[in-house]
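Student: Can we go through this structure together? I'd like to know where the labels people use for it come from.
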Amino acid sequence: MIGFIIAGLIIGALARLIKPGKQNLGLVATLLLGLVGSVIGGSIASLLGTGGIFELNFLGFIVSVIAAVLLIGVAEAMAGRRRVTR
């Protein structure tokens with residue numbers, strides 16, 4: 001479980017580095033988006049037959065980072081929409 005949290009934090013941090021522009025996300029949001037991204041990446045890698053959902057493998061890691069980048073984009077869009085409507 002601790003390894004899963006650390007992997008989520010690393011994936012979230014990498015996604016923030018890859019995503020251009022400034023993100024107004026805190027450490028907890030980065031961790032949560034990284035965890036969700038790692039579950040998505042692990043699920044896709046598992047479906048492709050590269051290992052289990054919680055196994056660390058190269059394809060799962062790459063897909064996890066991509067999923068986290070997309071999730072950060074969605075989170076930014078939702079946060080921007082809330083600021084505009086107020």
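Tutor: Sure, let's start with the whole chain: of the 86 residues of the protein, 29% count as buried. Keep in mind that this is a predicted model.

Student: How do you know how far to trust the prediction? What is the average pLDDT?
Tutor: The protein averages a pLDDT of 80, on a scale from 0 to 100. A score of at least 70 is reached by 88% of the residues. Among the helices, confidence is highest in helix α2 (residues 27-47), with a mean of 84, and lowest in helix α3 (residues 58-85), with a mean of 80. As a general caution, where pLDDT is low, the predicted coordinates should not be read in detail.

Student: How many helices and strands are there?
Tutor: There are three helices and zero strands. Reading from the N terminus, the order is α-α-α.

Student: Why is T30 called buried?
Tutor: Buried means under 20% relative accessible area. T30 has 5% relative accessibility, so T30 counts as buried. You'll find T30 in helix α2.

Student: Which residues does T30 contact, leaving aside neighbours within four places in sequence?
Tutor: Those are G8, G12, A13, R16 and L25.

Student: What makes the T30 and R16 pair a polar contact?
Tutor: The cut-off for a pair of N or O atoms is 3.5 Å. The side chains of T30 and R16 come to 2.8 Å, and they make a polar contact.

Student: L31 is in helix α2 too. Why is L31 called partly exposed?
Tutor: Partly exposed covers the range between the buried limit of 20% and the exposed limit of 50%. L31 has 21% relative accessibility, so L31 counts as partly exposed. Leaving out residues up to four places away in sequence, L31 touches I5, G8 and L9.

Student: How far apart are L31 and I6 in space?
Tutor: From C-alpha to C-alpha, L31 and I6 are 8.5 Å apart, with their positions 25 residues apart in sequence. I6 sits in helix α1 (residues 2-18).

Student: What is I6 called, and why?
Tutor: I6 has 45% relative accessibility, so I6 counts as partly exposed.

Student: What makes I6 eligible for a surface patch?
Tutor: A patch residue needs over 30% relative accessible area, and I6 has 45%. I6 joins I2, I10, L14, L17 and I18 in a nonpolar surface patch of about 610 Å². As for the protein overall, about 5600 Å² is exposed, and carbon and sulfur atoms supply 75% of that.

Student: How do you know that E76 and K19 form a salt bridge?
Tutor: The limit is 4 Å between a side-chain nitrogen of Lys or Arg and a carboxyl oxygen of Asp or Glu. In the E76 and K19 pair, the closest N and O atoms are 3.4 Å apart, and a salt bridge is formed. This pair links distant parts of the chain, with E76 in helix α3 and K19 in the loop between α1 and α2, 57 residues apart. The structure holds one salt bridge.

Student: Why is E76 called partly exposed?
Tutor: The relative accessible area of E76 is 25%, so E76 falls in the partly exposed class.

Student: Why are A67 and S38 called buried?
Tutor: The limit is under 20% again. A67, in helix α3, has 10% relative accessibility, so A67 counts as buried. S38, in helix α2, has 9%, so S38 counts as buried as well.

Student: How far apart are the C-alpha atoms of A67 and S38?
Tutor: They are separated by 7.7 Å, while the two residues are 29 residues apart along the chain. Not counting residues up to four places away in sequence, A67 touches G37 and I40. With neighbours within four places left aside, S38 is in contact with F4, I11 and S64.

Student: And what share of the contacts joins residues 24 or more positions apart?
Tutor: Of the contacts with a separation of 6 or more, 59% come from residues 24 or more positions apart.

How values were computed: Residues are numbered from 1 along each chain as its sequence is written. Side-chain values use heavy atoms; hydrogens and water are left out. pLDDT is the predictor's confidence in each residue, from 0 to 100. Helices (H or I, at least four residues) and strands (E, at least two) are DSSP runs, numbered from the N terminus. Patches are made of residues with over 30% relative accessible area and no salt bridge: like charges are joined within 9 Å, nonpolar side chains (Val, Leu, Ile, Met, Phe, Trp, Tyr) within 5 Å. Accessible areas come from the Shrake-Rupley method with a 1.4 Å probe; for residues, only the protein chains shown count as cover. Buried means under 20% relative accessible area, exposed over 50%, partly exposed in between (1.4 Å probe, protein chains only). A polar contact is a pair of N or O atoms within 3.5 Å; within protein, one must be able to donate a hydrogen and the other to accept it, and residues adjacent in sequence count only if both atoms are side-chain atoms. Contact means heavy atoms within 4.5 Å.
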